[in-house]
Amino acid sequence: MTSGLTGADEFRHETTGEANWQENYMFLGWDEDRSVGIYLHLGHLPDRGMVDARVLVSVGGQVVSAAEEVAGVECLAVPWVDADIVDPLVRWRLRCASHGQPGYDEHGWLAAGRTGGSLPVGFDIEFESVVPAVDYAAAWSKMGVSNIFSHHYEAGCRWRGRVTLGGSDIECSGMLIRDHSWGPRNLVDAVDLAWWMPVVADDGRSFTTGTSLLRRGEWVGLMLEERGDGPELISTDQWVRVDGLPAPNGRDVVRAYLLRI
C-alpha cells in the first residue's frame, strides 16, 4: 500500500463547497506512569462558518474539559490553540490553554458544553512521529467501502511537555495518536456503528490502526501496521482486537501499548 501524503497535507485545506465538508484534527495522548491523558479536537464546519474546539485533560481520574465554537475557517487558528508545525508529518509543538468544567455530563461525555468554566485546562507539548503516518486512502477499497472520510491519515507519536489541570502543572511524557481528515463526510447510508483502535507500540517505532464498521447489517474491518517501511495490511477480519488476540495470519495485532483515554 502506498501513501500520497505530502507536507502540505498538514495544513489547512480549502473547502470545496460539497455537502457535509469538514476538516478535523484530533490529538490523544497518555502518560502511563502519571495516569495523565490529554485530548484535543478541532473541527472546521464551513456550513456554519465555525470551528468546534474541545479539550480535555485527565489526571489520576480527575477530568476537566472545555468546549467552544469559534467563528473562523481554520482549525489551527482557534485563539487558545497555538500549533507550530516544525517538520510536517514528523514534529509539532502544540499548545492550548482554556478554562473548563470538572467531571462529565449526565451522559458521560464532556462536562463543558459551550457553557464555559473557571478551571484552567490545557497543555504545552512537543511530539514526533518515529514512523510515517498511515494514509487511509487505499484502505477503504479493501473493505468494500467508499472513502467515507475523503482524506484521512493517522500517526503514532511520542510526546513530552507540561499538562495543566486546575492549579497544577505536571511534566509528562508518553505516547500520542493524532488524526487529520478533510473533505465530505459521506456517513449517510455508509456506517451505522464504528469501532476504532489505533495503537502506538515500541516507543513509537510501531503504529497499528484498525476499524470495524457496521453497515447495512454487516460488519467489515481491517488493521494496518506501520513500522517504518510502509503500511502493511495485517488483517481484513471484521473485528479489531485488543492486546494478545491473534489476527487470522497468526500475528499478534497489538504488541505492547494500548492508548487509553
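**Exercise 1. Find which backbone oxygen lies 3.0 Å from a polar atom of the side chain of His-13, then describe the surroundings of His-13 in this predicted model.**

*Solution.*
Step 1. Start at the imidazole: a polar atom of the His-13 side chain sits 3.0 Å from the backbone oxygen of Phe-11.

Step 2. Now look for a side-chain partner. Glu-23 provides one, with a polar contact of 2.8 Å between its side chain and that of His-13.

Step 3. Place the residue along the chain. His-13 belongs to the segment that precedes strand 1, which spans 21–31.

Step 4. Widen the view to contacts beyond four places in sequence. Here His-13 touches Ala-8, Trp-21, Glu-23, His-180 and Trp-182.

Step 5. Decide whether His-13 is buried or exposed. Its relative accessibility is 13%, and the cut-off for buried is under 20%, so His-13 counts as buried.

**Exercise 2. Work out how strand 14 and strand 15 are arranged, and which residue in their hairpin takes a positive phi.**

*Solution.*
Step 1. Locate the two strands: strand 14 covers residues 218–226 and strand 15 covers residues 232–235.

Step 2. Check the pairing. The two run in the antiparallel sense, joined over 3 bridges.

Step 3. Pick out a facing pair: Glu-225 is opposite Glu-232 of strand 15.

Step 4. Follow the connection. The hairpin has 5 residues between its strands, and Gly-228 adopts a positive phi near 110°.

**Exercise 3. Identify the residues that touch the most other members of the largest nonpolar core, and say which strand gives this core its largest share.**

*Solution.*
Step 1. The core holds 40 residues, and Leu-40, Leu-42, Phe-123 and Phe-127 touch the most other members.

Step 2. Strand 9 (residues 151–165) supplies the largest share of this core, with 6 residues.

Step 3. Separate from this core is another one of 15 residues, including Val-131, Ala-139, Phe-207 and Leu-224.

Step 4. Zoom in on Leu-42. Beyond four places in sequence, its contacts include Tyr-25, Ala-53, Cys-75, Leu-76, Val-78 and Val-81. Glu-23, the polar partner of His-13, is also in contact with Leu-42.

**Exercise 4. Summarise the whole chain: how many helices and strands does it have, and what percentage of its residues is buried?**

*Solution.*
Step 1. Count the elements: 0 helices and 15 strands.

Step 2. Turn to burial. Of the 261 residues, 50% are buried.

Step 3. Add the surface, about 12000 Å² of accessible area, with 49% belonging to carbon and sulfur atoms.

Step 4. Finish with contact range. Among contacts with a separation of 6 or more, 55% link residues 24 or more positions apart.

Definitions and conventions. Residues are numbered from 1 along each chain as its sequence is written. This is a predicted model: local features need pLDDT of at least 70, side-chain atom pairs count only at pLDDT 80 or more; totals for chains, interfaces and linings use all residues. Side-chain values use heavy atoms; hydrogens and water are left out. Helices (H or I, at least four residues) and strands (E, at least two) are DSSP runs, numbered from the N terminus. Buried means under 20% relative accessible area, exposed over 50%, partly exposed in between (1.4 Å probe, protein chains only). A polar contact is a pair of N or O atoms within 3.5 Å; within protein, one must be able to donate a hydrogen and the other to accept it, and residues adjacent in sequence count only if both atoms are side-chain atoms. Contact means heavy atoms within 4.5 Å. Two strands pair if DSSP finds at least two bridges between them. A nonpolar core is a set of buried Ala, Val, Leu, Ile, Met, Phe, Trp, Tyr and Cys residues joined through side-chain atoms within 4.5 Å. Accessible areas come from the Shrake-Rupley method with a 1.4 Å probe; for residues, only the protein chains shown count as cover.
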